Amino acid sequence: SKLYVISSYKLSEMAIEFSISQLKTYVILIQGMDTQEFRARGKEMVDYICDYMDGLSSRRVTPNVEPGYLRNMLPKEAPTHPEDWETIMSDVDRKIMPGVAHWQHPRFHAYFPSGNSYPSILGDMLSDAIGCIGFSWAASPVCTELETIVLDWFGKAIGLPDEFIASTPGSKGGGVIQSSASECILVSMLAARAQAIRNLKKENPDMEDSAFLPRLVAYCSEEAHSCVEKAAMISLVKLRILETDEKCSLRGETLQQKMEDDVAQGLVPFFVSATLGTTGSCSFDTLTEIGPVCRKFPAVWLHVDGAYAGNAMICPENKYLMAGIQYADSFNTNPNKWLLVNFDCSTYWVRDRLRLTSALIVDPLYLQHANSDEAIDYRHWGVPLSRRFRALKLWFVIRKYGIKGLQSYIRNHCRLAKSFETLVKKDSRFEVVNDVRMGLVCFRLRGTDRLNQDLLASINGSGKLHMIPSLVKGRYIIRFCVVAEHANEADIDHAWEVIQEHTSDLLSLYTIEKIAPIPVKPTPEITPKPPMQRKLTRRLSFTRSVSKEMYRRSMSRSSLHDGATPIIVPEDEDNINPEQENTIFDTMADWVERNDLTLNETKEKAGTTFTAHIKDRMNAAMTKNRINHYE
């Protein structure tokens, strides 16, 4: 039998069987895409992308769909016969786009920026066309060498020590592109674990490696990303989640005390993850204190996670935030967050690459090559074997924008964040709860956590803006992040107008019925009008309601947040953290109880309206002090 493959997108039959000279011959007709059609479709796709990007502002920011919406719109089985490209693109508009959350939308202010730019898109296009799998230098020399060079460029731009730069004479370090900050932290912890076990085996050479695992302890702050917790789970080691100071920064004294306590119990500190620009509030751990503490203990690996804010270190005025970086063993930042490079592109540097690769090296014969002693093989620097040509898009972006252009982009976001902070501070109903130094502002409505949940739910449910919440020092806050490449003052003003509009609408739901007291009638109450579609909007606000018992269990252990997992709240109208509740509404009730103030005086002093959750306390206070509802 012979096999002939014919590419023709115009033919509809998949296979024809016929006999020639008594031999069975199968001609498989593949309806793919030849060069001629690709030229046409490629130009169409570029036009489609440009139209999409230019028309984002006219779209709803988030999709108005329910889970499983797509299942009923697509066939249960893959198509047997080829389909026309026009049909496929029609389904993109009718079925795919309705479910897209538009991360590049000028009104999208959730999470952190999702890097995107035309040079990066073109870099990915070329990388996909080349289609190399650069697991070693021999597999595609330029894939490895460009990655090393571009990481040196970027490392110098953000001010990393010379030991992290591969081209520095005598350097043992270097950089690599990983898929995400989660992978950077995982490989750092794995390398630190291998280092710690090697040290422990010097005293107990006959023990199995696994026998040392119960003694190993890693450390991070309560503001660290949840991927640190996941890395500890994968590595089968203990993780201490440490309290931060009033600015949500991990301090050296806190770390040292906990490490000394663990050593006293026979445990072995081996890894510390510090953060520059936390997910919750963009706080910065104090490296100048943490670094010297790590040096006091043998073989402790200090990793610094700068996934978001690390990119801003290309600006000289931000470099002070990296003070103490000389103590780090590894560092990562994500150009796919805040440097206009499309996902995935997480840049990672180590001081000593041999300490990293010795924990991850697996070298079968079929992957070895003659130049392995002279060249870097990045397959030894991470978990995956196969690696895409990701350096190409980073190279395109750095060259097209230049360091000056990228600095301007970062500075614009920081400036706009300060503008938004100013608007929030001018409105006495709100408070800013973080130190705004980058492009993130954390704010909240003065009141209960539940009130802020309802506010965010209302805003997100409208589709006009998109933000997410976080927990900072046990309080529910709303995160506003500047994310669009070409964000401007008009975007900030529009966002604030939407927030104020929904705030006024929400507060108007909580009213006091002003009627003259009539003894025979029931006592009027402060009655909230129930928000519409509460279940839907709560879901859109990334808040998950659970039973009181489940809530208590979830609060009984320290856990890290990733900005994507829904924040757990009790199903009733209590606050997220009622035992720490110290809001203006309770203060109002206290004034009535202690000072015999009238309700109007209390309301005027507070400068805001009542919420439903204190109605019982307020009614009891009014009865006690003989205050009628009209007053």
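**Exercise 1. In which loop is aspartate 344 found?**

Work on the predicted model. Then describe the peptide bond that leads into this residue.

Solution.
- Step 1. Aspartate 344 sits in the loop between helix 9 and strand 10.
- Step 2. Look at the bond from phenylalanine 343 to aspartate 344. This peptide bond is cis, and its omega is near 5 degrees.

**Exercise 2. Place Lys337 and list its contacts.**

Solution.
- Step 1. Lysine 337 belongs to helix 9, residues 335-338.
- Step 2. Check the record. An unreviewed UniProt entry lists Lys337 under "modified residue: N6-(pyridoxal phosphate)lysine".
- Step 3. Collect the contacts, leaving out residues up to four places away in sequence. Lysine 337 touches Phe112, Pro113, Ser114, Gly115, Ala307 and Tyr308.

**Exercise 3. Trace the seven-stranded sheet and find its edges.**

Solution.
- Step 1. Write the strand order. It is 4-10-9-8-7-5-6, in an open sheet with mixed pairing.
- Step 2. Find the edges. Strand 4 (174-178) and strand 6 (238-242) each have a single partner strand, so one side of each has no neighbour in the sheet.
- Step 3. Add the twist. Neighbouring strands are turned by 20 degrees against each other on average, direction ignored.
- Step 4. Zoom in on one pair. Strand 9 (residues 330-333) and strand 10 (residues 346-350) run antiparallel and are joined by four bridges. Within this pair, threonine 333 has threonine 347 of strand 10 as its bridge partner.
- Step 5. Look at the approach to strand 6. The loop between helix 6 (226-235) and strand 6 holds leucine 236. Phi of leucine 236 is near 60 degrees, a positive value in a residue other than glycine.

**Exercise 4. Which strands does helix 4 lie across? Classify the ring pair of phenylalanine 154 and tryptophan 349.**

Solution.
- Step 1. Helix 4 (residues 141-158) lies across strand 4, strand 9 and strand 10. Its angle to strand 10 is about 80 degrees.
- Step 2. Turn to the aromatic pairs. The structure holds 15 of them.
- Step 3. Take the pair of phenylalanine 154 and tryptophan 349. The ring centres are 5.7 Å apart and the planes stand at 55 degrees, so the pair is tilted.
- Step 4. Locate both partners. Phenylalanine 154 is in helix 4 and tryptophan 349 is in strand 10. The pair links distant parts of the chain, 195 residues apart.

**Exercise 5. Describe how helix 3 packs against helix 11.**

Solution.
- Step 1. Start with the axes. Those of helix 3 (residues 118-130) and helix 11 (residues 391-426) come within 8 Å and cross at roughly 145 degrees.
- Step 2. Assign the hand. The crossing is right-handed.
- Step 3. Name the contact residues. Helix 3 gives Pro119, Ser120, Leu122, Gly123, Asp124, Leu126, Ser127 and Ile130. Helix 11 gives Leu392, Lys393, Phe396, Val397, Lys400 and Tyr401.
- Step 4. Sort them. Eight are nonpolar, three polar and three charged.

**Exercise 6. Work out the four-stranded sheet and its relation to helix 11.**

Solution.
- Step 1. The order is 11-12-14-13, in an open sheet with antiparallel pairing.
- Step 2. Strand 11 (430-432) and strand 13 (468-472) are the edges. Each has a single partner strand, so one side of each lacks a neighbour in the sheet.
- Step 3. Neighbouring strands here are turned by 40 degrees against each other on average, direction ignored.
- Step 4. Strand 11 pairs with strand 12 (residues 440-445) over three bridges. Glutamate 431 stands opposite arginine 444 in strand 12.
- Step 5. Helix 11 lies across strand 11, strand 12 and strand 14 (475-481). It runs at about 15 degrees to strand 12.

Definitions and conventions. Residues are numbered from 1 along each chain as its sequence is written. This is a predicted model: local features need pLDDT of at least 70, side-chain atom pairs count only at pLDDT 80 or more; totals for chains, interfaces and linings use all residues. Side-chain values use heavy atoms; hydrogens and water are left out. Two strands pair if DSSP finds at least two bridges between them. Helices (H or I, at least four residues) and strands (E, at least two) are DSSP runs, numbered from the N terminus. Axes are lines fitted to C-alpha atoms, for helices over the stretch in contact, and angles run from 0 to 180 degrees between N-to-C directions. Contact means heavy atoms within 4.5 Å. UniProt positions are given in the numbering used here, feature names are shortened, and annotations may be inferred rather than shown by experiment. A crossing is left-handed if the near helix is turned anticlockwise from the far one by less than a right angle, and right-handed if clockwise. Ala, Val, Leu, Ile, Met, Phe, Trp, Tyr, Cys and Pro count as nonpolar, Asp, Glu, Lys and Arg as charged, and the others, Gly among them, as polar. Rings of Phe, Tyr and Trp (its six-membered ring) pair if their centres lie within 6.5 Å; planes under 30 degrees apart count as stacked, over 60 as edge-to-face and the rest as tilted.
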